[in-house]
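Student: I have a model open in front of me and would like to work through how its parts are covered and paired. Could we take it a question at a time?

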Amino acid sequence: MASSAFLLYPPPGHLNPASLSLTSPAIRSLCHGLSISNGCAMRRTQLLSPRVVSKTSPSPVSERHLTLLEYVAKGGADVGDDLAVLLTHLQYACKRIAALVASPFNVDDGRIPEDSGGGEGIGSLSSSGRDKPKPLDIISYESAISGIVGVARCDENLGFANTEVDVLHIASLSIQAYMLFIRVQNDMILASLRNSGKVAVMASEEDDIPVWISDHGPFVVVVDPLDGSRNIDASIPTGTIFGIYNRLAELDHLPVEEKAQLNSLQSGNRLVAAGYVLYSSATILCISVGSGTHAFTLDHSTGEFVLTHPSIQVPPRGQIYSVNDARYFDWPDGLRQYIDTVRQGKGQFPKKYSARYICSLVADFHRTLVYGGVVMNPRDHLRLVYEANPLSFLIEHAGGRGSDGKTRILSFQPVELHQRLPLFLGSIDDMNELESYDSIQQKINPGYDV
Ligand SMILES: O=P(O)(O)OC[C@H]1O[C@](O)(COP(=O)(O)O)[C@@H](O)[C@@H]1O
């Protein structure tokens with residue numbers, strides 16, 4: 001056969017497209033919805049068509065990377081059509097966020113669909129306790145999409161009623177400020193969850209209260225849309241963190257506000273799936289649906305996440321600790337002793353440890369997952385619902401541990417959506433050693449300027 005002849009790829013028996021739930025009516029309809037012109041978006045044909053390659057293609061199927069969509073479909077983890085549809089929409093929103101974070105000139109990506117119900121501009125920004133943004137931090141997408149950027153100068157208390165709004169032409173705005181589309185990113189995720197038709201409620205770190213989306217959505221999504229945003233001016237990596245629960249049908253009879261709240265306050269041990277997306281030199285989506293933790297890297301040539309780190313196992317011991325050690329003098333004795341000990345190579349592992357701290361939780365966590373060690377924030381700062389639970393789920397499925405210094409994170413029953421706690425995540429042996437020190441939770445938490 002001439003070299004221009006084509007074969008179906010992969011061949012039957014290997015991720016046969018016919019066996020993928022991508023061919024189910026539900027997925028077909030969502031694929032239709034995703035045929036959006038965006039450099040990062042998957043083209044509809046890529047989603048719907050079997051792969052067609054030249055017969056002379058050098059890579060055998062066994063060497064080809066599985067895509068995220070194949071993984072969540074019947075050829076991979078087979079999570080069921082509903083979750084596959086939801087994850088397909090969610091990963092799409094994250095690609096849009098990746099494009100925005102990478103290039104502020106992708107301002108059109110900030111356009112909020114009219115039915116998203118999420119976009120209310122500057123005035124809707126949360127006062128949910130997020131670290132105070134710097135001046136020029138918040139940009140109104142409503143102005144941005146019309147070619148003008150409104151910059152809100154935040155007052156001391158994030159009191160947006162008192163904001164002074166300067167209107168600047170895009171051209172005169174610094175790239176750094178332009179990248180801070182926190183609200184836009186929140187609404188991109190909300191829109192994608194709405195469009196999936198699979199979500200009952202979304203609780204976001206950016207919102208004071210959860211958003212009820214649909215009585216019939218089978219899932220509850222908790223999300224931190226852009227963690228680490230305080231560092232974004234310096235192009236330091238950021239991330240999105242998410243957790244997915246089943247909707248609690250036994251709460252269906254309750255008033256909307258109540259069932260939205262209670263569905264979002266589920267214990268981490270009920271997570272169905274969790275993941276994060278790291279926006280860095282590569283965009284990496286790491287996920288667990290309860291069977292291992294797997295990382296997919298965005299292939300910009302195809303717009304697809306491809307499996308690059310299957311079945312991650314965090315090494316039982318790393319030689320790295322990750323903490324903001326400028327807080328050393330606010331730490332309790334136990335934590336100081338632990339750090340002093342491993343720094344000197346006098347701990348259970350007889351080598352000197354290194355310190356790494358990016359101050360961007362997803363980035364610090366991802367490094368820990370890959371290289372081992374411990375990542376911690378010993379003060380009451382990180383959120384149980386949006387950060388601690390999803391990351392603990394991921395690290396446990398990779399053979400590591402997550403705790404507040406005393407108790408397994410996934411065993412907590414959240415009582416407040418924005419509840420904060422000390423967080424320690426890492427390699428099993430490092431975590432055991434760290435927790436063997438009596439006091440590692442930082443009780444003094446004065447609030448820090450940077
Ligand atoms: O100031 P600290 O204690 O070092 O905290 C830094 C941590 O706070 C975060 O920026 C999250 O804070 P927010 O949830 O308020 O955005 C993490 O990305 C980072 O790991």
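Student: Which residues of helix α12 are buried?
Tutor: Keep in mind that this is a predicted model. Helix α12 spans residues 428-435, and a residue counts as buried when 20 or more other C-beta atoms lie within 10 Å of its own, a condition met in this helix by Asp430, Met431 and Leu434.

Student: Why do Asp430, Met431 and Leu434 lie on the same side of α12?
Tutor: An α-helix has 3.6 residues a turn, so residues three or four places apart point the same way. For the buried residues Asp430, Met431 and Leu434, the shared side follows because the arc they cover around the axis is only 100°.

Student: What covers the buried residues of α12?
Tutor: The cover includes one helix, α9 (333-343). It also includes strands, namely β16 (374-383), β17 (401-403) and β18 (420-426).

Student: Which residue of β9 is the bridge partner of phenylalanine 219?
Tutor: Strand β8 (residues 219-227) pairs with β9 in the antiparallel sense over 7 bridges. Phenylalanine 219 belongs to this pairing, and its bridge partner in β9 is asparagine 246.

Student: Which residue of β10 is the bridge partner of threonine 238?
Tutor: Strand β9 (residues 238-246), of whose 9 residues 8 are buried, is joined to strand β10 (residues 273-279) by 7 bridges, and the two run antiparallel. In β10, the bridge partner of threonine 238 is tyrosine 279.

Student: What share of the protein chain counts as buried?
Tutor: The chain has 12 helices and 18 strands. Of its 450 residues, the share that counts as buried is 48%.

Technical notes
Residues numbered from 1 in each chain as written. Predicted model: local features only at pLDDT ≥ 70, side-chain atom pairs only at ≥ 80, totals over all residues. Buried ≥ 20, exposed ≤ 12 C-beta atoms within 10 Å, placed from the backbone. Helix = DSSP H or I, 4+ residues; strand = E, 2+ residues; numbered from the N terminus. Pairing = 2+ DSSP bridges. Arc of directions from axis to C-beta. Contact = placed C-beta atoms within 7 Å.
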